[in-house]
Amino acid sequence: MKKNLRNVLVLALGLVTTLSTVAQDWNVESRTRMDMSEVVGEDYKLTTQRVTLGATWGGSDWGIHVSSDFNYNLGDRTLLGVEPMWSIYEAYASADLLGMASLTVGRQAINNGSGALMSTNDFGYDRTTWDGMTLGFDLDMADVTIGYASRNDAVTNLVDTTGEDLNNMWMNLGGEFSGWNVNVLYMTNSMSDDAAYGFDLSGGVMGASVNASMNQDYAGNSMRVVGLGYAVTDDLSVNVGQTAYGDEGNFNMRGTNMDGSWGTTGNIGYLGASMEDLTFGLSYAMGGISLNATMHRITHAGDDVAADAANGVVAYKAEDYDRQAMELGIGYSLGDNASLGLKYVTDEVKHTGSAATTDAQNKYTWITLTVTP
């Protein structure tokens, strides 16, 4: 066994022993994923391990939570690009403010609304957290959260790349009104002149479930989602949905569970401007087994695309763009503490009738084992 891995495991064992004796509550989650993406190569196999160890202390009106992620690649580390990595995932303290509000300060994983604007990427090994504070109000009409976060950032895809402090503020309102679940999120960013906002609505109509989401990012680009689901039986359900993007530009919110694609987020991710994704899906559950399938049909409703050799884009007419993806998933419960999942994805893009016709098909397969005590 490699020396650095052995030292990490010894430290983890010591932490587990200590936390289990002094903490009021503790948790461990181990996730092993084997990635066999043919987009990398037919013989490609990469197995990664993520272990999350957390502990909570607290009283009736206060609490402290600390958790850490340990990531390790069980193959050639150069494929993942990093050495075995131990990092603080969450570390925050919370307190009740005279029964009127709750204050949480520290590093937090936050998911608001549909997750299109603000969410942590649990699929990947580098999960998004926010360093700051949140103030929550549990009102009769709705739950209201006000948040502030700051970090020093020099990432090139932000508006300012000088490495100055990046300050974020947001307000999230969620509640149930006349049988409908409503969530409104408003976010500001010190490096952007405009705000990002999202509105989510879900409920039931005549035995069917309905959901809608309208979002705008910091650059003013829009993303709209509508969906309809119906339970055919207690075990079988079907759904259909549409995701449409505005023609102003490419919608993107950094660090969410949609910021990327199959290999980094486990889903199709954000699409380009003027694109529409029509989905059809079904799911079936029986005992400890669950099955699901989703078909994506993506079209381009905007202007023709010009060639961009630097980014590998060939010129094509928007009407000739055709992309189809399929997701198949199988889940099996191994008891109260473990689950096993298999996911298979094919994604095919065609530019027919264009000056340069392309036909590319990518395939992904993941096997995931999750264990909690």
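Which strand does V371 lie in? In this predicted model, V371 sits in strand 18. Its relative accessible area is 37%, so V371 counts as partly exposed. V371 also belongs to a nonpolar surface patch of about 850 Å², made together with M34, I289, L291, I330, Y332, L334, L340, L342, I367 and L369. Strand 18 (359-371) gives this patch its largest share, 3 residues. At least two residues each come from strand 15, strand 16 (321-333), strand 17 (338-351) and strand 18.

Strand 15 turns up again in the second largest pocket, which has a volume of about 560 Å³. Of the 27 residues lining this pocket, V225, T243, M258, T279 and H296 come closest to its centre. The lining draws at least two residues from each of strand 11 (208-216), strand 12 (222-231), strand 13 (236-245), strand 14 (275-286) and strand 15 (289-300). Strand 13 leads the way, with a share of 6 residues. As for chemistry, the pocket lining splits into 10 nonpolar, 15 polar and 2 charged residues.

Then there is the enclosed space. The count gives 2 cavities of 30 Å³ or more, and the largest cavity has a volume of about 40 Å³. Its lining is made up of N112, G113, S114, G115, A116, L117, L185, G198, D200 and N215. That set breaks down into 3 nonpolar, 6 polar and 1 charged.

On to the charged pairs. Side chains of opposite charge can pair when their charged atoms come close. Across the whole structure, the search picks up 7 salt bridges. One of them joins the side chains of R127 and D69 at 2.9 Å, N to O. R127 is in the loop between strand 5 (101-108) and strand 6 (130-138), while D69 is in strand 3 (residues 62-73), so this pair ties together parts 58 residues apart in sequence. R127 and D69 are both buried.

R107 and D131 form another salt bridge, at 2.8 Å, N to O. Here R107 belongs to strand 5 and D131 to strand 6, so the parts tied together are 24 residues apart in sequence. R107 is partly exposed, at a relative accessible area of 28%, and D131 is partly exposed too, at 30%.

E327 and K343 also meet in a salt bridge, at 3.1 Å, N to O. With E327 in strand 16 and K343 in strand 17, the pair links parts 16 residues apart in sequence. E327 is buried, with a relative accessible area of 13%, whereas K343 is partly exposed at 24%. Finally, salt bridges with shared partners join D69, D122 and R127 into one network.

Notes: Residues numbered from 1 in each chain as written. Predicted model: local features only at pLDDT ≥ 70, side-chain atom pairs only at ≥ 80, totals over all residues. Heavy atoms only, no water. 1 Å grid on protein atoms, 1.4 Å probe; cavity = no way out; pocket = protein on both sides within 12 Å on 5 of 7 lines; lining within 4 Å. Points joined across faces, edges and corners; volume = space filled by probe spheres on them. Helix = DSSP H or I, 4+ residues; strand = E, 2+ residues; numbered from the N terminus. Nonpolar A, V, L, I, M, F, W, Y, C, P; charged D, E, K, R; others polar. Patch = residues over 30% accessible without salt bridge, like charges linked within 9 Å, V, L, I, M, F, W, Y side chains within 5 Å. Areas by Shrake-Rupley, 256 points an atom, 1.4 Å probe, with all protein chains shown as cover. Salt bridge = Lys/Arg side-chain N within 4 Å of Asp/Glu carboxyl O. Buried < 20%, exposed > 50% of the residue type's maximum accessible area, 1.4 Å probe, protein only.
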